[in-house]
Amino acid sequence: MDILEAAERYITALAAEDAGGHDHFHALRVRRTAEYLAAREGADARITALAALLHDADDIKLSPETHATLANAVSFLRGQGVPEEEIGRITRIISQISFGGTGKTVPDSIEGKCVQDADRLDAIGAVGVARAFAYGGSHGRAMYDPDEAPCLDMDAETYRKHVSTTVNHFYEKLFRLRDLMNTETARRIAQQRDAFMRAFLDEFYAEWNGER
Ligand code: ADP
Ligand code: NI
C-alpha cells in the first residue's frame, strides 16, 4: 500500500474513533484541492498531500492531548519510515495553517500555502455553508437571530470562546477567507465560492422576511 493510501486509512480510522463524528471526508477534499493548487503553484505534491491528509489528525477539538506535539501525525509518519527532515516539513505546515480567529499566520512554504488555501476553500461555497450549519446544529446554536449582530475583530482567545449564530459565523469568519488566500489559483476559486455564499444569504434573508 502506498503511503498516501495508508494516510487515508489512518485518518479514516481516527475519525471513526471520534464520538462527535468528525468526518474524514473534509481531509480527503482538502487533499484533492491542495494537490490541484500544488500542481499549478509548483509545490511538492507528496508533502502537500500528506500535510493535507494529516492536518486535522491532532486538531485541538478532536485530540487536545496531542495538539501541541502533533503526536498522531508524527507517529503515523515515523511508522511509514518517512525521513525526519520530511516529517519536520509536514508538521511545520500543520502547525502553521490553523485559522485561530485572526487568520494572520502565513505558512512559510509553498506546500503550506496550498494546504492552508485548500482548508479555507473547504469552509466556503456550498460545502462551507453545509459544514457551518452542521457545526451550528451539533453545537446547539441558532441558525439566525436578527437581534444578534456579528462580532468582528476578535482576538484568538475571544474567537475560541465566542458563541454565535451560524449566520453570524459567515461574517465572523467565512466572508473573510476570500481575501486571505495565499495563491492566485485559490483566489480565483474563492471568488466564485464567496459569491455563492452571498447569494445564499440574500435568498435566506428574503425568505426570512417574507419577501420571496
Ligand atoms: P478547520 O479546522 O477544518 O479549518 P474548524 O474546525 O475551525 O475548521 O471548523 C470546522 C467547520 O465548522 C468549518 O467549516 C467552520 O466554518 C465551521 N465552524 C466553525 N466554527 C463555527 C461556528 N461558530 N458556527 C458555524 N460553523 C462553524
Ligand atoms: Ni481542516
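Here is a short chat about the ligand site, the nickel ion and the aromatic rings of this predicted model.

Me: Before we start, how are things numbered, and what pLDDT do local features need?
Reply: Residues are numbered from 1 along each chain as its sequence is written, while chains are lettered from A and ligands numbered from 1 in the order in which they are written. Side-chain values use heavy atoms, with hydrogens and water left out, totals for chains, interfaces and linings use all residues, side-chain atom pairs count only at pLDDT 80 or more, and local features need pLDDT of at least 70.

Me: Which residues surround ligand 1?
Reply: A residue makes the list if one of its heavy atoms lies within 4 Å of the ligand. The residues that pass are His26, Asp56, Asp59, Lys61, Asp119, Arg131, Ala132, Tyr135, Arg141, His169, Lys173 and Leu174.

Me: How many of the residues in that shell are charged?
Reply: Ala, Val, Leu, Ile, Met, Phe, Trp, Tyr, Cys and Pro go down as nonpolar, Asp, Glu, Lys and Arg as charged, and the others, Gly among them, as polar. The shell around ligand 1 then has 3 nonpolar and 2 polar residues, and the charged ones number 7.

Me: Which helices each supply at least two residues of the shell around ligand 1?
Reply: Helices here are DSSP runs of H or I with at least four residues, numbered from the N terminus. The ones that qualify are helix 7 (125-138) and helix 9 (166-177).

Me: Which residue has a polar side-chain atom 2.9 Å from a nitrogen atom of ligand 1?
Reply: A polar contact is a pair of N or O atoms within 3.5 Å. His26 has a polar side-chain atom 3.0 Å from an oxygen atom of the ligand, and Arg131 has one 3.2 Å from an oxygen atom. The contact to a nitrogen atom, at 2.9 Å, comes from Arg141.

Me: How much of the accessible area of ligand 1 does the protein cover?
Reply: Accessible areas come from the Shrake-Rupley method with a 1.4 Å probe. On its own, ligand 1 has 550 Å² of accessible area, and the protein covers 85%.

Me: Which residues coordinate the nickel ion (ligand 2)?
Reply: Donors are N, O and S atoms within 2.8 Å of the metal (3.2 Å for Na, K and Ca), and sites may look incomplete since water is not among the atoms. In sequence the donor residues are spaced H-x28-H-D-x62-D. At 2.1 to 2.6 Å, the donors are His26 (NE2), His55 (NE2), Asp56 (OD) and Asp119 (OD).

Me: How many residues apart in sequence are the parts that His26 and Asp119 tie together?
Reply: Both are donors to the nickel ion, and both are buried, meaning under 20% relative accessible area (exposed is over 50%, partly exposed in between; 1.4 Å probe, protein chains only). His26 lies in helix 2 (residues 25-41) and Asp119 in helix 6 (residues 110-121), so the parts tied together are 93 residues apart.

Me: What kind of ring pair do Tyr144 and Phe204 make?
Reply: Rings of Phe, Tyr and Trp (its six-membered ring) pair if their centres lie within 6.5 Å, with planes under 30 degrees apart counting as stacked, over 60 as edge-to-face and the rest as tilted. By this rule the count comes to 12 aromatic pairs. For Tyr144 and Phe204 the centres are 5.7 Å apart and the planes at 85°, so the pair is edge-to-face.

Me: Where do Tyr144 and Phe204 lie?
Reply: Both residues are buried. The pair ties together parts that are 60 residues apart in sequence, because Tyr144 lies in the loop between helix 7 and helix 8 (156-161) and Phe204 in helix 10 (residues 184-208).

Me: And what kind of pair are Phe204 and Trp208?
Reply: Being 4 residues apart in helix 10, they are separated by about one helical turn. Phe204 has a relative accessible area of 14%, so Phe204 is buried, whereas Trp208, at 40%, counts as partly exposed. With centres 5.7 Å apart and planes at 25°, the pair is stacked.

Me: Which residues form one aromatic cluster?
Reply: Tyr144, Phe204 and Trp208 are among them. The full cluster is Phe133, Tyr144, Phe170, Tyr171, Phe175, Phe200, Phe204, Tyr205 and Trp208.

Me: Which residue other than glycine has a positive phi, near 55°?
Reply: The residue is found in the loop between helix 3 (45-54) and helix 4 (71-79). At 8% relative accessibility, this residue counts as buried. The name you want is Leu70.

Terms used:
Polar contact = N/O pair within 3.5 Å; in protein donor to acceptor, adjacent residues only side chain to side chain.
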